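Colleague: Before we discuss this model, could you put its sequence and structure on the screen?

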Amino acid sequence: MRYVAGYLLSVLGGKENPTTADLEKILGSVGIESDSEKLKKVVTELTGKKLDEVIAAGQTKLASMPAGGGAVTTSAAAAPVAAEAKKEEKKEEKKPDSEEEDDDMGFGLFD
């Protein structure tokens with residue numbers, strides 16, 4: 001992503017076909033180490049292409065991708081687990097909590 005961002009910055013700066021040296025200079029100016037193989041890949045893939053067209057093609061691909069959460073499905077096996085969890089909650093509610101009585105240490109906040 002950083003290499004594509006560097007390429008875009010270079011194009012926006014007026015360089016029509018940036019080289020790997022241009023991208024290394026841009027990325028190095030903000031302290032990012034660059035991988036020469038990845039830089040070459042980005043430059044070879046984008047050289048000669050208009051970025052407006054590349055971005056438009058990417059947007060149509062993103063629009064066709066499903067996004068967000070999927071539908072929640074429940075199975076019959078989940079029902080017994082939920083019922084068992086409810087039973088455990090009821091058991092826990094029946095137990096008196098002695099810790100609550102000790103929390104106030106004999107005085108209340110507004111006494």
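Colleague: With which residue does Glu45 form a salt bridge?

Modeller: This is a predicted model, in which local features need pLDDT of at least 70 and side-chain atom pairs count only at pLDDT 80 or more, while totals for chains, interfaces and linings use all residues. Residues are numbered from 1 along each chain as its sequence is written, and side-chain values use heavy atoms, with hydrogens and water left out. A salt bridge here is a side-chain nitrogen of Lys or Arg within 4 Å of a carboxyl oxygen of Asp or Glu. The closest N and O atoms are 3.5 Å apart, and the partner of Glu45 is Lys41.

Colleague: In which helix do Glu45 and Lys41 both lie?

Modeller: Helices are DSSP runs of H or I with at least four residues, numbered from the N terminus. Glu45 and Lys41 are four residues apart, about one turn of the helix, and both belong to H3.

Colleague: Which helix gives the largest share of the largest nonpolar core?

Modeller: Such a core is a set of buried Ala, Val, Leu, Ile, Met, Phe, Trp, Tyr and Cys residues joined through side-chain atoms within 4.5 Å, where buried means under 20% relative accessible area, exposed over 50% and partly exposed in between (1.4 Å probe, protein chains only). The largest one has nine residues, among them Tyr3, Leu23 and Val43. Helices H1 (2-12), H2 (20-29) and H3 (36-46) each give two or more residues, and the largest share, four residues, comes from H3.

Colleague: Which residue pairs with Lys15 in a salt bridge?

Modeller: Lys15 is partly exposed, with a relative accessible area of 37%. At 3.4 Å, N to O, its side chain meets that of Asp22.
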